[in-house]
Amino acid sequence: MWLLSTDRAELVHFNEPPSKYAILSHVWGKDEQSFQDLQALLAVCRANQDGNCTNPRSLASAKVRACCMYAEADGYDWLWEDTCCIDKTSSAELSEATNSMYTWYSSASVCYAYLADVSADDDPAAPNSAFRRSAWFGRSWTLQELIAPQDVVFLSKDWQALGNKYLWPGLLEEITGVDADVLTFLRPLSSIPVSTRMRWTSGRQATRIEDEAYSLMGIFQINMPTIYGEGRRAFRRLQEEIMRQTPDQTLFLWGGLLRPGVCQDCFMQVPSHLTDHQGLLADAPSDFVNVPDLVPIPYEHMSRAFASFALNFGLQPLDAKDGSGKIVASTTLPEFTVTSHGIRARLPVIEPVYVSTTHASTRYALALLACAQSARNSCPYIALLLRPHPGNAPVYHVGLALRHVHTCLTSPSSISVARSTLATSLSHGATLGPESRVYWKELYITSCSSDAAFLPTPRRLSFAHSHTGRPLTVLRDLPATHHLAPAPRRVRDGRLAPEPSARGESARPPARRLRVHVLARPRTRHGAVPYFGRALSDARRPWVVGGGRHRVAYGPVRHGCASLCAALRQTASCVGGW
């Protein structure tokens, strides 16, 4: 690591951090000096022949100079500051510094938290004080800079001490949500559930999207490569690493929780929207903003918790059998693995469960998680709401999409997605069938945006694929057709047949069927790709798809089978279902 000498502001490299050094935490401004800027100032000072520049610290920015002077007055010879002590032109050094930053803050003797928007005469405890509203509390990186150091001294904009975190642990907990016992090291950070730590950062902002994830690596004791430019993928990689290193399943309990009686005032939302069903992992820390207080269940109590959840639905306690009836070990534990088809999970499942709303009843499954609400009630255990993906594969999406109907006719209906439920909440709106049971199951959990993994695009596309296409047309006056029937062939040698013209041919009659031109036959290792429970047996022929008097007409598909299925789902939504 590079450190600044407090007497001259010169950069010196250390293979190991010294036993005593100070560190600065602040919100970056517009004119921050970089590693190269300080090196250039040192070269200018050394090249000065007149002797007017005897100390390069005098050429440093006001913030660097004032911090060096403050640390020197406190008896520190070395200072670390993130703006100028990292050579950001080196990706290797930047990645090493990002992964080591939490350790550097925890090893520092003191951390100076410089609040550039707080004056020295401000009262931090006042209800609307500038201290409470400081931008420092809203940045992603400052969370670890508050938790990790042994001592944090808050400084005003004119470098006057306001106090430290041992003076106001309750106030800091009120502002940040971080437990006072964690701030004062009376409780280890590792004992805090994953969902609670995510909630601490849910309202914080970062200049780069990737920093929302990188700033949490130290909070979760995670090390991973930093790849600026990957966007939201960084936060997913962080969750995957957390999932590999901890059995804490509160990681999956972000989003909405189904409340008692909520289904009675809702309509089931048509599941054609990509946001209606979600995956197991969140997109951003902000998804954890409303997470309740959760408690992971230890291994030795899992069997009792799962049995309690099952008994709440009138089922027999969980046995040691899988879905096929095969006996499994009594020490079976939940397991999660990242695959190309989503996250493969081994969980105790209650299936099927029928969730009823005002106008619909939909088949779901409940995946029991090893966590519970901290508030005591008769059955505080939690399960994920899983909806089966169309087809026979054990693929599921997370979430029950509900459209809330307001009493005021002028107010538009709102849509929410409930991802999890308590046993006591779901029992009011759920019913079990005679075939319902609880057992261990291996399944894949993915989001609707990952359908391409199960419905791959064709390997070869014809000329017509990129040169033709028709808009959506809804036909409502056709005779009933209750099956899939092939229309006359319209594909010749990989190309669409030319349209009939007025010369020598009769004009083409108005379209009265749904025609979907599938230009190649996508296949998986399990055979032809199913849709609506059937396989497209002749992928080079147009197909009529319809039921009753509501049918639709589509032209050639532009983006392969995944686009076809998305279009048909949208069509089904438009005409009221199939």
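Reader: Which residues have the most contacts inside the largest nonpolar core?
Author: This is a predicted model. Its largest nonpolar core has 104 residues. Helix H3 gives the most to this core, with six residues. The residues with the most contacts inside the core are Trp80, Ile147, Phe154, Met198 and Leu238.

Reader: Why might nonpolar residues gather like that?
Author: In soluble globular proteins, nonpolar side chains tend to be buried together. In this chain, 49% of the 578 residues count as buried. The largest nonpolar core holds 104 residues.

Reader: What is methionine 198 in contact with, leaving aside its neighbours within four places in sequence?
Author: Met198 is among the residues with the most contacts inside the largest core. Leu238, also among them, is one of its partners. The full set is Leu216, Phe220, Phe235, Leu238, Gln239, Ile242, Leu251, Pro285 and Phe288.

Reader: How many residues are in the second, separate core?
Author: This core is separate from the one with 104 residues. Among its members are Val353, Val355, Leu385 and Trp440. Its total is 25 residues.

Reader: Is valine 353 buried or exposed?
Author: Valine 353 lies in strand E12. It belongs to the second core. Buried means under 20% relative accessible area. Valine 353 has 0% relative accessibility, so it counts as buried.

Reader: How many Å separate the C-alpha atoms of valine 353 and glutamate 435?
Author: Along the chain, valine 353 and glutamate 435 are 82 residues apart. In space, their C-alpha atoms are separated by 9.7 Å.

Reader: Which two residues does the cis peptide bond with omega of about -10° join?
Author: Look in strand E12, residues 342–356. Proline 352 has its place there. The cis bond joins this proline to a glutamate, and omega is about -10°. The pair is glutamate 351 and proline 352.

Reader: Is serine 420 buried or exposed?
Author: Serine 420 sits in strand E17, residues 414–422. Beyond four places in sequence, its contacts are Leu253, Gly256, Leu257, Leu258, Ile382, Ala383, Leu384 and Leu385. Its relative accessibility is 5%, so serine 420 counts as buried.

Reader: How far apart in space are serine 420 and leucine 385, C-alpha to C-alpha?
Author: Leucine 385 is in contact with serine 420. It is also a member of the second core. The two residues are 35 apart in sequence. Their C-alpha distance is 5.4 Å.

Reader: Is serine 374 buried, exposed or partly exposed?
Author: Serine 374 is in the loop between strand E13 (361–373) and strand E14 (381–388). Buried means under 20%, and exposed means over 50%. Serine 374 has a relative accessible area of 43%, so it is partly exposed.

Reader: Which residues does serine 374 touch, not counting those up to four places away in sequence?
Author: Valine 295 is 79 residues away in sequence. Yet the C-alpha atoms of the two are 5.7 Å apart. Serine 374 touches Asp293, Leu294 and Val295.

Reader: Where does tryptophan 159 lie, given its positive phi?
Author: Its phi is about 65°, although it is not a glycine. Tryptophan 159 is buried, with a relative accessible area of 14%. It lies in the loop between strand E6 (152–155) and strand E7 (161–164).

Reader: Is glutamine 221 buried or exposed?
Author: Glutamine 221 has a positive phi near 55°. Its place is in the loop between helix H8 (211–214) and helix H9 (233–245). With a relative accessible area of 52%, glutamine 221 is exposed.

Reader: Which residue just after H10 takes a positive phi?
Author: Helix H10 spans residues 302–312. Its buried residues include Met302, Phe306 and Phe309. Just after H10, phi is about 80° at glycine 314.

Reader: Which helix gives the most to the lining of the second largest pocket?
Author: This pocket holds about 550 Å³ of space. Of its 20 lining residues, the closest to the centre are Trp28, Asp82, Trp141, Thr207 and Asp211. Helix H3 (91–107) and helix H4 (142–147) each supply at least two lining residues. The most, three residues, come from H3.

Reader: How many nonpolar, polar and charged residues are in that lining?
Author: The lining of the second largest pocket mixes the three classes. The counts are eight nonpolar, six polar and six charged.

Key:
Residues are numbered from 1 along each chain as its sequence is written. This is a predicted model: local features need pLDDT of at least 70, side-chain atom pairs count only at pLDDT 80 or more; totals for chains, interfaces and linings use all residues. Side-chain values use heavy atoms; hydrogens and water are left out. On a 1 Å grid over the protein atoms alone, a cavity is a set of points where a 1.4 Å probe fits but cannot get out, and a pocket is an open set with protein on both sides within 12 Å along at least five of seven lines; lining residues have an atom within 4 Å of a point. Grid points are joined across faces, edges and corners, and a volume is the space filled by probe spheres set on the points. Helices (H or I, at least four residues) and strands (E, at least two) are DSSP runs, numbered from the N terminus. Ala, Val, Leu, Ile, Met, Phe, Trp, Tyr, Cys and Pro count as nonpolar, Asp, Glu, Lys and Arg as charged, and the others, Gly among them, as polar. Buried means under 20% relative accessible area, exposed over 50%, partly exposed in between (1.4 Å probe, protein chains only). A nonpolar core is a set of buried Ala, Val, Leu, Ile, Met, Phe, Trp, Tyr and Cys residues joined through side-chain atoms within 4.5 Å. Contact means heavy atoms within 4.5 Å.
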